[in-house]
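Work through the exercises below with the sequence and the 3D view at hand. Try each task before reading its solution.

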Amino acid sequence: MDHSDLSTEEVLRRDIPWETYMSTKLISGTGLQLLRRYDKKPESYKAQLLDDDGPSYIRVLVSILRDIFKEETVEYVLALIDEMLTANPKRARLFHDTSLANEDTYEPFLRLLWKGNWFIQEKSCKILSLIVSARPKPHDAAIANGASKSKEFTTNDDVLKGLVEWLCTQLKKPSHPSRGIPTAINCLATLLKEPVVRSSFVQADGVKLLVPLITPASTQQSIQLLYETCLCIWLLSYYEPAIEHLATSRTLPRLIEVVKGSTKEKVVRVVVLTLRNLLQKGTVGALMIDLGLPQLVQSLKAQAWSDEDLLDALNQLEEGLKDNIKKLSSFDKYKQEVLLGHLDWSPMHKNPIFWRENITNFEENDFQILRVLITILDTSTDPRTLAVACFDLSQFIQHHPCRAYNSDRPQNKGTGYEIDEP
């Protein structure tokens, strides 16, 4: 039987012979009573049982996963737990109840990540992600797990590192052709809130595995995958060691292409929030400007968005980009670009403020920069460099206060630059 496309509903239609497991002492008498009381009952009835005595049900289900290896039974118990947590994700806290301090509730799921079929792997990943995310805060955990200190238990860090390893493996070589990557991204979007996961993911070179998934989407399924991928990038944008990987990969161009082509507000929102976070990091601002982000932000601001956080983020991004343009538009930077002879359409060339504020600087060293621009026109064969040089000379002519030079003014030696009065 192919287990790769099993659904939780299909699995839960099975009848598991719990009594047989009791006769072989794989389930206790108390465990059998709990299972009979819970299994195949209406959702509202099961919810009440979990509210009244949730940890006892967690104990018996985890013990089955630990002690019983029959595949159909393992799938069934995972489906029960998945059903329980899907109905109410807050039930993941039950796994951390103080009464379970002597139970290694992580180990069975972590083991099954690598040893089971796809259904078992997928459910184990989802369940582990929810359980570890619901764990108590550090100062509470010491109290909750105090009784287990004498035993060698699977730690939170063991689980998180194990999950990262499995998730990266799925992104490289999915166990399931259509569900492997979406499952991995969905879990990552939950787990990357954890500092240790961010660290492990970056160390595993996981950022580059996300980049190919940042691409415009059309179907509902692909839009959700894109959103969760961008959510992962947003979470990583708060982690300093990840930023270099984001800045030096194709992440930024791809994020900008996604915003250009997306009408889904939640996708645009998470991308804009990510760009806002990255803006002040190193040379990222300059790259954003080169990629045309200022113009894109203007276009986005003109659209009717209902999300106030998105509108605020767009305003902050716009102001940040303006500050970066101002920093980039220094005459020293311009001078360096001209002297190197490799001109490009960097922001300063078409910024009127740059020309108004710096026009007299062109007179330095006997109009050195002006003479270099003319030399570039005489010697360069690069069309873009020639176009920028021509444009810059036209800007100088337009903005310099002495647009006409008469015979009484000292000549600009060696510039070959003469301007007739209009």
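The exercises below concern a predicted model.

**Exercise 1. Overall form**

Determine which secondary structure the protein chain has, and whether the chain is spread out or compact.

Solution.
- Step 1: The chain has 23 helices and zero strands.
- Step 2: Its radius of gyration is 31 Å, whereas the globule rule gives 22 Å for 422 residues.
- Step 3: The radius is well over the value of the rule, so the chain is more spread out than a compact globule.
- Step 4: The spans of the C-alpha trace along the principal axes are about 115 × 45 × 35 Å.

**Exercise 2. Burial and contacts**

State what share of the residues is buried, and how far apart in sequence the contacting residues lie.

Solution.
- Step 1: Buried residues make up 49% of the 422 in the protein chain.
- Step 2: Take the contacts between residues at least 6 apart in sequence; 70% of them join residues at least 24 apart.
- Step 3: The accessible surface of the chain is about 21,400 Å², and carbon and sulfur atoms account for 50% of that area.

**Exercise 3. An aromatic pair**

Classify the ring pair of Tyr334 and Trp355, and find which helices the pair ties together.

Solution.
- Step 1: A pair of aromatic rings is described by the distance of the centres and the angle of the planes.
- Step 2: The structure holds 16 aromatic pairs; in the one formed by Tyr334 and Trp355, the centres are 5.9 Å apart and the planes are at 75°.
- Step 3: An angle over 60 degrees counts as edge-to-face, and the pair of Tyr334 and Trp355 is edge-to-face.
- Step 4: Tyr334 belongs to helix 20 (residues 331-340) and Trp355 to helix 21 (residues 352-358), so the pair joins parts 21 residues apart in sequence.
- Step 5: Tyr334 and Trp355 are both buried.
- Step 6: Ring pairs also link these two residues into a cluster with Phe331, Phe354, Phe362, Phe367 and Phe396.

**Exercise 4. Lysines over rings**

Find which lysine lies over the face of Tyr227 and which over the face of Trp345.

Solution.
- Step 1: Over Tyr227 lies Lys266, 4.6 Å from the ring centre.
- Step 2: Over Trp345 lies Lys350, at 4.6 Å from the ring centre.

**Exercise 5. Cysteines**

Explain why Cys168 is not bonded to Cys232.

Solution.
- Step 1: A disulfide needs two cysteine sulfur atoms within 2.5 Å.
- Step 2: The closest cysteine sulfur to that of Cys168 is in Cys232, 11 Å away, which is too far for a bond.
- Step 3: Cys230 is in no disulfide either, as its nearest cysteine sulfur, in Cys232, is 9.1 Å away.
- Step 4: The structure holds zero disulfides.
- Step 5: Cys168 is buried at a relative accessible area of 4%, and Cys230 is buried at 1%.

How values were computed
Residues numbered from 1 in each chain as written. Predicted model: local features only at pLDDT ≥ 70, side-chain atom pairs only at ≥ 80, totals over all residues. Heavy atoms only, no water. Phe/Tyr/Trp six-rings, centres within 6.5 Å; stacked < 30°, edge-to-face > 60°. Helix = DSSP H or I, 4+ residues; strand = E, 2+ residues; numbered from the N terminus. Buried < 20%, exposed > 50% of the residue type's maximum accessible area, 1.4 Å probe, protein only. Lys NZ or Arg CZ within 6 Å of the ring centre and 35° of its normal. Rg over C-alpha atoms; globule rule 2.2 N^0.38 Å. Contact = heavy atoms within 4.5 Å. Areas by Shrake-Rupley, 256 points an atom, 1.4 Å probe, with all protein chains shown as cover.
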